[in-house]
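User: I would like to learn how to read burial, helix packing and backbone angles from a model. Could we work through one case together?

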Amino acid sequence: MNPVVGVAAFAAVSLATAVIGFYGLRISRTTGDFYVASRTVKPWWNASAIGGEYLSAASFLGVAGLILLSGTDALWYPVGYTAGYLMLLLFVAAPLRRSGAYTIPDFTEARLDSRAVRRVTSLVVVLVGWLYIVPQLHGAALAIRITTGLPAWVGPVAVVGVVCFTVVAGGMRSITFVQAFQYWLKLTALAVPIVFMLLALGGGDSAAAELPPPSTANPTALAPAGPYQIISLLVALLFGTLGLPHVLVRFYTNPDGQSARRTTLIVLGLLSVFYLFPTAYGMLGRAFAPDLARSGQADALVLLLPGRMIGGVAGDLLTALVVAGAFGAFLSTTSGLVVSLAGVISQDVFGGSVRGFRLAAVVSAMVPLGIASMTESQALAGSVGLVFAFTASTICPVLLLGIWWRGLTDAGAIAGMVTGGVLCGSAMVAGSVLGAAQTPSWLAQPAAWTVPAAFAVTILVSRATRGRVPRTMTRLMTRLHTPERPLATER
Amino acid sequence: MTRVRVTAPRSVTSGSVTPGSAASGSAALTGGRSAAASQEAAEESDAGQLFVRSLIRSQLRLGLVVALGFLLIMLAFPLVLGLVPGLAHSTIAGLPFDWVLLGAGIYPVIGLSAWLYVRTAARNEARYRDLAGDK
């Protein structure tokens, strides 16, 4: 592959990101702008931005790679990623927006009237964010190595550099525009090459005639996933989405609860359309690039397939587009996470000032860079799936019970988060120590037992400490669930 | 440690700010909702709480029903594929049926569930407004 293609694509995306960041710099003036764009973002913009932020390296590269590896079993990943948003819409979107809080720790502190809960939640949120950034940086390392031949560390360093610059320069206001742009970039980057590849296939080439059905062309000897693995994965993805810090912070930029719901509805449409394309790549990959699965490069499928199926200059151009989309994915998810982590860290450690926010942004990007450079890349969709399991076992129970159950107490919340975090964290550590081949499925996909355990502990401890239900609970529950004044909904 | 909480004003509610309404709360969340302090007082009365509780219950029931319905449909997909022999390997427009069903067929179900939920949730809130006498 022509190395110039990769470098040019990355430079173009970075430049576009920085330009939009600068454009935002001129309109963000107040501290409120830096945090949540003063809640004035329209549903369409906001939905595109949520989609742009949510579609990470796992969605852009990992889903197609996993489909190449394990066929229809991997189709549950995009389904779960999308259905997670349905759960978010059903149980979280409007109440969380009405809570008026900026971050998850803000919400738990207000709901339970407890600083201790705030600290534990902050810790969990920062941990989740860091765990989630690491696979993005692994994806960047992979993309740089495959497409340019440069050393792998260049990718993560470049991504972190661009993200720090954008966030420090513009805060959330410009981030919203950057993210919205990046959703459409990612969609285009996957859709256009697919169209050309299908045209090339249908154009009377002999290749189309000998296309084997994908399910029979299994390039690896992987056993099909059992019902336990699929159910556990779905539990992780369905409940994990609720607690992702970068997803939640987006809802505060909706003007009210009803528009938060409308935004989520649009997001579901955007995600559904997007995930058709990684699925198509995976299918084509099974037929035309099964060797990638055998050589352990399944995650590079999306980057390599257009060049393979369409040679010459056209192939190079399409590859450039796909590489641009991939970097869009790394940049958007990383910057979304960095913004939300910076929001949490700056309020808890640096007193909530703009300068503190900038400092916190740099800290939240540097730590995962260090972790990423010390660890090996695994299957991207799989490692992100584990982060979902962790979120589902820690933040999700507190959030769901906090919104819907009057009996939640601070002691219950802390006990639940600690239980879920320890159980799921140990499963993740044990899994990485044992290696993928040796890990039994109940450790590899822990959500099916860690999530119920966290819920059970939260409820039992809350019941045992029922005297600690905060006095502000009634007012808070009323605020979470009653519609805003009619004035506020008819804009 | 001092913390500066940054709250952006809710641009729309500010049209009708009532004087002396800033008393809305020991809770950390003092958004732009103080305009409705009297409203909040009404909501905290016994009758007000009755309406609020019934609203929360109906929204929770709605969420659970939609979630359960969606999960049942989603779990039915692999069951159908497993139980009807040969179905998974039949083809639609040259594509294997199991891929089409799982890779594309579930998304419309998600979209439909979401749309139904948003519509009904808004209706529940409208009914609450009528009951609570919101003007």
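User: Let us begin with one residue of chain B: in which element does B:Trp99 lie, and is B:Trp99 buried or exposed?

Analyst: B:Trp99 lies in helix α3 of chain B, and please keep in mind that this is a predicted model. Burial is read by counting C-beta neighbours, the cut-off for a buried residue being 20 or more within 10 Å; B:Trp99 has 25 such neighbours and therefore counts as buried. Its C-alpha atom is separated by 9.3 Å from that of B:His89, a residue 10 places away along the chain.

User: How does helix α3 of chain B run relative to α5(A), and which residues make the contact?

Analyst: One reads a helix pair from the distance and the angle between the two axes, and here the axes of α5(A) and α3(B), the latter spanning residues 97–132, come within 10 Å and cross at roughly 5 degrees. Because angles under 35 degrees count as roughly parallel, α5(A) is roughly parallel to α3(B). On the side of α5(A) the contact is made by A:Val79, A:Thr82, A:Ala83, A:Leu86, A:Leu89 and A:Leu90, while α3(B) contributes residues including B:Leu102, B:Ile106, B:Tyr107 and B:Ile110. By class, this contact has 11 nonpolar, 2 polar and no charged residues. As a general idea, an α-helix has 3.6 residues a turn, so residues three or four places apart point the same way.

User: Which residues touch the most other members of the largest nonpolar core?

Analyst: That core has 189 residues, and the ones touching the most other members are A:Leu86, A:Leu301, A:Val323, A:Ala326 and A:Phe327. A:Leu86 is also one of the residues through which α5(A) meets α3(B). The largest share of the core, 18 residues, comes from helix α16 of chain A, residues 312–349. For A:Val323, leaving aside neighbours within four places in sequence, the contacts are A:Val5, A:Gly6, A:Ala9, A:Phe10, A:Ala143, A:Thr147 and A:Leu303.

User: What is the overall make-up of chain A, and how much of chain A is buried?

Analyst: Chain A has 23 helices and 0 strands, and 64% of its 491 residues count as buried. To see how far apart in sequence the contacting residues are, one takes the contacts with a separation of 6 or more, of which 84% in chain A join residues 24 or more positions apart.

User: Against which helices do the buried residues of α11(A) pack?

Analyst: They pack against α5, α18 and α21 of chain A, and among them are A:Leu233, A:Leu237 and A:Phe239. The helix itself, residues 227–240, reaches 19 Å from its first C-alpha to its last, close to the 20 Å expected for its 14 residues. For α19(A), with 25 residues, the span is 36 Å, close to the 36 Å expected.

User: What is the phi of the residue that follows α19(A), and what is the phi of the one that follows α7(A)?

Analyst: After α19(A) comes A:Gly435, whose phi is positive, near 85 degrees, whereas α7(A) is followed by A:Asp113, with a positive phi near 55 degrees. The second case deserves a note, as A:Asp113 has this positive phi although it is not a glycine. A:Asp113 lies in the loop between α7 and α8 of chain A and is buried, with 21 other C-beta atoms within 10 Å. The helix before this loop is mostly covered, 9 of the 9 residues of α7(A) being buried, including A:Asp106, A:Glu109 and A:Arg111.

Terms used: Residues are numbered from 1 along each chain as its sequence is written. Chains are lettered from A and ligands numbered from 1 in the order in which they are written. This is a predicted model: local features need pLDDT of at least 70, side-chain atom pairs count only at pLDDT 80 or more; totals for chains, interfaces and linings use all residues. Helices (H or I, at least four residues) and strands (E, at least two) are DSSP runs, numbered from the N terminus. The expected span of a helix is 1.5 Å times one less than its number of residues. A residue is buried if 20 or more other C-beta atoms lie within 10 Å of its own, exposed if 12 or fewer, and partly exposed in between; C-beta atoms are placed from the backbone. Two residues are in contact if their C-beta atoms, placed from the backbone, lie within 7 Å. Axes are lines fitted to C-alpha atoms, for helices over the stretch in contact, and angles run from 0 to 180 degrees between N-to-C directions. Angles under 35 degrees count as roughly parallel, over 145 as roughly antiparallel, 65 to 115 as roughly perpendicular and the rest as oblique. Ala, Val, Leu, Ile, Met, Phe, Trp, Tyr, Cys and Pro count as nonpolar, Asp, Glu, Lys and Arg as charged, and the others, Gly among them, as polar. A nonpolar core is a set of buried Ala, Val, Leu, Ile, Met, Phe, Trp, Tyr and Cys residues joined through C-beta atoms within 7 Å.
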